[in-house]
Amino acid sequence: MLILKNGYMLDPASGTEGYYDILIDTESGKIAKIVPQGALMKDRAGGVFVHNARDGVVSATEEGIKAGREFCTDMPEEIDLNGQIVAPGLVDVHVHFRDPGFTHKEDIHTGAAAAAKGGFTSVVLMANTKPAVDNPDTLAYVLDKGKETDIHIHTCANVTMGLQGRELTDMESLSEQGAAGFTDDGIPLMDETLLRAALQRAAKCGKPVSLHEENPAFIKNNGVNAGKAAAHYGIGGSPREAEISMVERDLRIAMEEKANLSIQHISTKEAVELVRQAKKRSSHIFAEAAPHHFTLTEEAVIRHGTLAKMNPPLREEADRLAIIEGLRDGTIDMIATDHAPHSAEEKAKPLTEAPSGIIGLETALSLGIRELVDKGYLSMMELIGKMSLAPAKLYHLDAGYLKEGGPADLVVFDPKKEWVVKEFASKAANSPFVGETMPGVVNYTICGGKVVYRG
């Protein structure tokens, strides 16, 4: 058994917040009790005392002793959180662990360690691996290896065979074998007929389709906005029309098919508005924002070069503010990191040759606190909801809430304490935030009732 006492609990599912003590059954991996602060204490035999808040006395009730001995066979470990925030373990539904095929960048074990350090207890992997997750064997490999880690590893399967955009995978079979959703992330699905068929089949499976929205016909150099940053480097870059055109088309098809569609890593103000209008007409439309897109603009590419190169690219201040407003008003449902590790050698290549992407699992919570909560755009409860409950709901994961009998997946963090970004649990270090001081220190990540990270 494990007791978390004196924590300030935030539960976005019920809207409950305040000082609570939480009793965790480490054997079952479930939350056994959630009671007001001071109402849960252990006796010498490992039982539970019940606090009588009315007259301020503590009585060893028969019921309390019995309940305690049912839950506690040994003296439970007790952690005094001293007012730190305790919330559902974070959920990231857009990460790249590069396994199989690119494990020099990251693998499932190091990716899981990075997730735990960042406060994440559940992640959904993207399927652009080698081989791709377009067949039962690769799907089984990823899921089996995920079970060896300390957190919950889920994965999408591909929409098309080999990410080629020509032939649909056996979506029904892959869904039955555990695929959490479908995506060809990294490559847009250009064939409208194929996309329509994919949405129809995914809807029958009850799984979402998540799409990377960049039309290559518009792009001269990916990863850099076709604006000030591209001009600085003397290249063509990636214009906003590449995203806008795809989002407009895909929203229309998804609404016609009544299929759950998630617009990945949204980057333009126009795309945010398209999603806002679509959500007024359909309950099947979802969108995610990455921390780098609500934090940085194309100026960062001029300062940091390849460390700020990503697809879709960082854009203008008006786009950044539109994304924040989309998060504030509910147009954008969730925050997802698009954790994209690359080796130092790869990122050291010239700008037009280096791969796009940055790591994000270990800085996401801090960026959310600094850019959204501390600046008054979201409450802490709203931030936690967008980083846990909302993504869990879209992918039908048993996560994102705190409830007696529910999963003991939690994060404990101090939102005021600061840390310096310098060392990562990830294999990679490709982040433009290295050297920055950020608020929000994760001190404990608990998954399945076990402490999997201690800060």
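These are my notebook entries on what I looked up in this predicted model.

**Ground rules**

I number residues from 1 along each chain as its sequence is written, and my side-chain values use heavy atoms, with hydrogens and water left out. Since the model is predicted, local features need pLDDT of at least 70 and side-chain atom pairs count only at pLDDT 80 or more, while totals for chains, interfaces and linings use all residues.

**Entry 1: cysteines**

I looked for disulfides, meaning a pair of cysteine sulfur atoms within 2.5 Å, and found zero. Why does cysteine 156 have no bond to cysteine 205? The two sulfurs are 13 Å apart, too far for a bond, and cysteine 205 holds the closest cysteine sulfur to cysteine 156. From the other side, the nearest cysteine sulfur to cysteine 205 is that of cysteine 156, and cysteine 205 is in no disulfide. I also noted that cysteine 156 is buried, at a relative accessible area of 0%. For my notes, buried is under 20% relative accessible area, exposed is over 50%, and partly exposed lies in between (1.4 Å probe, protein chains only).

**Entry 2: backbone oddities**

Most residues other than glycine have a negative phi, and most peptide bonds are trans. I listed some exceptions here. Helices (H or I, at least four residues) and strands (E, at least two) are DSSP runs, numbered from the N terminus.

- The bond from aspartate 99 to proline 100 is cis, with omega near 15°; proline 100 lies in the loop between strand S9 (90-95) and helix H2 (108-117).
- Asparagine 311 and proline 312 are also joined by a cis peptide bond, with omega about -10°; proline 312 is in the loop between helix H10 (299-304) and helix H11 (317-329).
- Arginine 98 is not a glycine, yet has a positive phi of about 60°. Arginine 98 is in the loop between S9 and H2 and is buried, at 11% relative accessible area.
- Asparagine 82, not a glycine either, has a positive phi of about 50°. The loop between strand S7 (77-80) and strand S8 (85-88) holds asparagine 82, which is exposed at 63% relative accessibility.

**Entry 3: the nonpolar cores**

In soluble globular proteins, nonpolar side chains tend to be buried together. I counted a nonpolar core as a set of buried Ala, Val, Leu, Ile, Met, Phe, Trp, Tyr and Cys residues joined through side-chain atoms within 4.5 Å. The largest one has 75 residues, and Val123, Leu251, Ile266, Leu365, Leu383 and Phe413 have the most contacts inside it. A second, separate core has 19 residues, among them Ala300 and Leu367.

I then picked valine 123, which sits in strand S10 and is buried at 0% relative accessibility. What is the C-alpha to C-alpha distance between valine 123 and aspartate 92? They are 4.7 Å apart in space, although 31 residues separate them in sequence. Taking contact as heavy atoms within 4.5 Å, and leaving aside neighbours within four places in sequence, valine 123 touches residues including Asp92, Val95, Phe97 and Ile153. With the same neighbours left out, the contacts of leucine 365 include Leu90, Leu383, Phe413 and Val442.

**Entry 4: helix H3**

Which residues of H3 (residues 136-146) are buried? I get Thr138, Leu139, Val142, Leu143, Lys145 and Gly146. They cover an arc of only 165° around the axis, so they are on the same side of H3; the arc is that of the directions from the helix axis to the C-beta atoms. They pack against H2, strand S10 (120-125), strand S11 (152-155) and helix H4 (171-176). At the start of H3, a side-chain oxygen of asparagine 135 comes within 3.1 Å of the backbone nitrogen of aspartate 137.

**Entry 5: helix H7**

I checked the length of H7 (residues 241-257) first. An expected helix span is 1.5 Å times one less than its number of residues. The 17 residues of H7 should span 24 Å, which agrees with end C-alpha atoms 24 Å apart. Twelve of the 17 residues are buried, so I wrote down H7 as mostly covered. The cover over its buried residues includes helix H5 (192-205), strand S13 (209-211) and helix H8 (269-281). Just after H7, lysine 258 takes a positive phi of about 55°.

Technical notes
A polar contact is a pair of N or O atoms within 3.5 Å; within protein, one must be able to donate a hydrogen and the other to accept it, and residues adjacent in sequence count only if both atoms are side-chain atoms.
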